[in-house]
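User: Could you take a close look at one part of this model for me, the open sheet and what packs against it? I would also like to see how that part sits within the rest of the chain.

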Amino acid sequence: MEKVLKKSDLGQWVARLKDFDLYGPVRENNHWEFNQISQLANFPEDYTQVNVPLKKILLPNREVLFQFEDNRNGGPYLQEVLPEEREVVVFGVRPCDARGIVLLEKVFSSEIPDIYFERRRQQVYVVGLSCYPLPGENCFCLSLGGGPFSTKGMDILLTKMQSKYFVEVLTPKGEKLIKAAPEYFFNPTDKDQQERQQLERKARAMFTRQIEGVEKIWPVLSQMFESPLWREESYRCLKCGICTYLCPTCHCFDITDEISSTAPLQGKRVRVWDTCQFPDFTMHSSGHNPRPDKASRLRQRIMHKFLYFVETFGDIMCTGCGRCVSKCPVGIDIIDILNKVASHGA
Ligand code: SF4
Ligand code: SF4
């Protein structure tokens with residue numbers, strides 16, 4: 001379903017969504033984050049891309065899975081801690097980050113669903129914002145089957161036009177949101193449709209970064225396990241993990257038990273984000289580490305996204321958001337690396 005919403009009515013619509021927790025892009029010093037908001041009058045002109053993508057809501061960086069205690073006094077031994085029941089609307093999600101949710105679903109909502117992720121996913125409503133102009137200089141979603149107006153993973157996609165938003169309502173969840181204030185939504189005119197198409201064409205023409213021959217990557221990668229490329233590209237890596245923590249699709253985690261140091265014994269089982277870029281990520285208890293150096297860890301990051309995930313789920317585990325390029329403190333550039341990989345298959 002397609003509608004239009006006057007820019008001046010955005011705030012009125014959002015005010016009607018009283019039953020939801022609302023999140024939107026909020027400026028923090030020199031970057032943007034999805035934080036809880038009480039109102040949303042507009043999307044600021046300088047809003048680009050949030051620092052930490054939507055996965056922070058679906059897969060928090062730290063979550064308690066269950067609590068346990070010594071039950072000699074008759075108390076419960078183990079208590080499951082499920083995510084709280086609250087419906088959340090996130091505004092201003094860029095298409096690359098919404099596609100990231102679809103890729104996370106392949107992992108966490110598959111044959112054996114992760115109940116924590118699933119419960120949050122069911123409660124999250126995604127209101128996207130198309131990318132005109134492009135949010136970042138390292139955007140390359142077009143090379144990976146995405147696009148600045150992609151609707152994958154969204155319930156609603158808003159496109160900022162001159163005086164209105166073009167509103168694409170994509171799911172029953174999206175319909176529920178606009179039903180909260182139906183008087184603000186109108187059918188688009190032919191002129192609105194044309195303006196929307198024109199903006200998409202302009203946005204697609206703005207990309208400066210791309211991968212040449214992305215289809216060559218995964219067949220070539222399987223021949224590149226011993227390539228010197230991994231050492232050449234990783235020598236300056238600081239092992240900080242930023243590239244994976246800020247990635248909308250990276251999802252590795254660790255599970256630890258936090259236990260009280262005094263009696264009675266009490267504790268929590270906690271899941272926290274982890275990263276293949278940390279030296280001890282694959283450390284065995286024997287002391288052996290199958291990925292002992294930066295080269296093998298960079299290789300794992302690329303192979304997981306562009307070979308193993310393709311073999312397992314039939315999709316590339318990267319949406320081309322460009323964060324790992326823009327945020328890497330030493331300028332390790334996944335687009336350059338992938339172009340070098342693709343050139344091996346030329
Ligand atoms: S962000 Fe850059 S320096 Fe940090 S771990 Fe990733 S590649 Fe290495
Ligand atoms: S690998 Fe880099 S470009 Fe791809 S989705 Fe992750 S952060 Fe974005």
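Analyst: Happy to help; below I start with the sheet, then move to selected residues, the ligand surroundings and the chain as a whole. Please keep in mind that this is a predicted model.

Let's begin with the strand order. The open sheet is built from 8 strands, arranged as S3-S2-S6-S7-S8-S9-S1-S10, and their pairing is mixed. At the edges stand strand S3 (31-37) and strand S10 (185-186); each has a single partner strand, so one side of each is left without a neighbour in the sheet. As background, the strands of a sheet pair through backbone hydrogen bonds, and they can do so in a parallel or an antiparallel way.

One pairing is worth following in detail. Strand S1 (residues 2-6) and strand S9 (residues 164-169) run antiparallel and are joined by 5 bridges. Within this pair, Lys6 stands opposite Lys164 in S9. A helix covers this region too: H6 (residues 190-204) lies across S1, S9 and strand S8 (156-160), and its direction makes an angle of about 85° with S9.

Elsewhere in the sheet, Val124 is a good residue to inspect. Val124 belongs to strand S7 (residues 124-129). There are 22 other C-beta atoms within 10 Å of Val124, and with a cut-off of 20 or more, Val124 is therefore buried. Setting aside residues up to four places away in sequence, Val124 touches Ile57, Leu58, Val88 and Val90. As for distant parts of the chain, Tyr308 is 184 residues from Val124 in sequence, and their C-alpha atoms are separated by 28 Å.

Helix H4 (residues 115-123) holds Glu118. Here the count is 15 other C-beta atoms within 10 Å, which makes Glu118 partly exposed. Apart from neighbours within four places in sequence, the contacts of Glu118 are with Phe108, Ser109 and Pro113. Measuring C-alpha to C-alpha, Glu118 and Gly314 are 21 Å apart in space, with their positions 196 residues apart in sequence.

Leu103 offers a link to another part of the chain. This residue is found in helix H3 (residues 95-108), and Leu103 is buried, with 23 other C-beta atoms within 10 Å. Leaving out residues up to four places away in sequence, Leu103 touches Thr249, Asp315 and Met317. The C-alpha atoms of Leu103 and Phe309 are separated by 9.6 Å, although the two residues are 206 apart along the chain.

Thr249 also leads us to a ligand, as one of the residues that surround ligand 2. Others in that shell include Cys247, Cys318, Cys321 and Cys324. By class, the surroundings of ligand 2 comprise 6 nonpolar, 4 polar and 2 charged residues. Around ligand 1, the residues include Cys237, Cys240, Cys243 and Cys328. The shell of ligand 1 has 9 nonpolar, 2 polar and 1 charged residues.

Finally, here is the wider setting. The chain has 12 helices and 12 strands. Its radius of gyration is 22 Å, close to the 20 Å that the globule rule gives for 346 residues, so the chain is as compact as a globular protein of that length. The C-alpha trace spans about 65 × 65 × 40 Å along its principal axes. Buried residues account for 36% of the 346 residues. Among contacts with a separation of 6 or more, 73% are between residues 24 or more positions apart.

Notes: Residues numbered from 1 in each chain as written. Chains lettered and ligands numbered in written order. Predicted model: local features only at pLDDT ≥ 70, side-chain atom pairs only at ≥ 80, totals over all residues. Near = placed C-beta within 6 Å. Nonpolar A, V, L, I, M, F, W, Y, C, P; charged D, E, K, R; others polar. Pairing = 2+ DSSP bridges. Helix = DSSP H or I, 4+ residues; strand = E, 2+ residues; numbered from the N terminus. Contact = placed C-beta atoms within 7 Å. Axes fitted to C-alpha atoms, helices over the stretch in contact; angles between N-to-C directions. Rg over C-alpha atoms; globule rule 2.2 N^0.38 Å. Buried ≥ 20, exposed ≤ 12 C-beta atoms within 10 Å, placed from the backbone.
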